[in-house]
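Open the model in your viewer and keep the selection panel at hand. The stops below say what to select and what is there.

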Amino acid sequence: MKHVLIIDDEKSLLFSIKKGFEPFSDEVTILTAENGLEALAVLEAQDVDLVVTDLKMPEMDGVEVARRVRNFDPNIVTIIITGYATVEAAIEAMKRGAYDFIPKPFEPDQLRIVVNRAAEKIRLSREAELLGVPLDVRAGMPL
């Protein structure tokens, strides 16, 4: 995993989530966007491996971001973070392409665990690609 894109319309939360990636700072470049449209522009300009997005944002919510990211490149892993966690929202997010769903407030360790799992899925996906084996990125399993 080389590039992580963090999307949140609240600058303080954007900073907080970015800070949660400090243990990975030697391994990854952190990119940020304050809304979904800005995030799509970043995706066009930069290779991204992992997207971490807030659910509730103006103009384009995190579920729509996950759907568009999946359509743009199905190998990009998307994690949705939200203060509005419901089972229905989580199911909808997963249907639209999210890899995982983290309710706020969360501890930095929770984020690290999910990011480590996502990084492993990305690694497996790349390995499978090199071997010519199609892989469902979200499940980490051969198709």
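Begin with strand 1 (3-7) and strand 3 (50-54), which run parallel and are joined by 4 bridges. Helices (H or I, at least four residues) and strands (E, at least two) are DSSP runs, numbered from the N terminus. Two strands pair if DSSP finds at least two bridges between them. This is a predicted model, in which local features need pLDDT of at least 70 and side-chain atom pairs count only at pLDDT 80 or more, while totals for chains, interfaces and linings use all residues. Residues are numbered from 1 along each chain as its sequence is written, and side-chain values use heavy atoms, with hydrogens and water left out.

**The sheet**

Stay on this pair and pick L5: its bridge partner in strand 3 is V51. Next add strand 2 (29-33), which pairs with strand 1 in the parallel sense over 5 bridges. Here H3 has T29 of strand 2 as its bridge partner. On to strand 4 (77-82): strand 3 and strand 4 pair in the parallel sense, again over 5 bridges. V52 stands opposite I79 of strand 4.

Now show the whole sheet. It is open, has 5 strands in the order 2-1-3-4-5, and its pairing is parallel. Strand 2 and strand 5 are the edge strands, each pairing on one side only. From one strand to the next, the twist averages 20°.

**Strand 3**

Select strand 3 by itself. Are its residues buried or exposed? The strand is mostly covered, with 5 of its 5 residues buried; buried means under 20% relative accessible area, exposed over 50%, and partly exposed in between (1.4 Å probe, protein chains only). L50, V52 and D54 are buried on one side, V51 and T53 on the other, so both faces of the strand are covered. In a regular strand the side chains alternate between the two faces of the sheet.

Zoom in on T53, which lies in strand 3. T53 has a relative accessible area of 1% and is therefore buried. Leaving out residues up to four places away in sequence, T53 touches I7, G62, V65, T78, I79, I80 and I81, where contact means heavy atoms within 4.5 Å.

**Helix 3 and helix 2**

G62 and V65 lead to helix 3 (62-72), where G62, V63, V65, A66 and V69 are buried. These residues cover an arc of only 155° around the axis, which puts them on the same side of helix 3; the arc is that of the directions from the helix axis to the C-beta atoms. They pack against strand 1, helix 2, strand 3, strand 4 and helix 4 (87-95). At the start of helix 3, look for D61: one of its side-chain oxygens reaches to within 3.2 Å of the backbone nitrogen of V63.

Move to helix 2 (residues 36-45), with G36, A39, L40, V42 and L43 buried. Seen down the axis, the buried residues fall within an arc of 160°, so they line one face of helix 2. E44 and A45, on the other side, are exposed. The cover over the buried residues includes strand 1, strand 2, strand 3 and helix 3. At the start of helix 2, a side-chain oxygen of N35 comes to within 3.1 Å of the backbone nitrogen of L37.

**Nonpolar cores**

Which residues touch the most other members of the largest nonpolar core? They are F21, L50, V52 and I79, in a core of 19 residues. A nonpolar core is a set of buried Ala, Val, Leu, Ile, Met, Phe, Trp, Tyr and Cys residues joined through side-chain atoms within 4.5 Å. Strand 1, helix 1 (11-20), strand 3, strand 4 and helix 5 (108-131) each supply at least two residues. Helix 5 gives the largest share, 5 residues. Then select L5, L31, A33 and V51, which are among the 15 residues of a second, separate core.

**Last stops**

Show helix 5 against the sheet: helix 5 lies across strand 3, strand 4 and strand 5, running at about 165° to strand 4. Axes are lines fitted to C-alpha atoms, for helices over the stretch in contact, and angles run from 0 to 180 degrees between N-to-C directions.

In strand 5 (residues 100-103), select F101. F101 counts as buried because its relative accessibility is 11%. Finish in helix 1 with L13, which counts as partly exposed at 26% relative accessibility. Apart from its neighbours within four places in sequence, L13 is in contact with D8 and K104.

Technical notes. A polar contact is a pair of N or O atoms within 3.5 Å; within protein, one must be able to donate a hydrogen and the other to accept it, and residues adjacent in sequence count only if both atoms are side-chain atoms.
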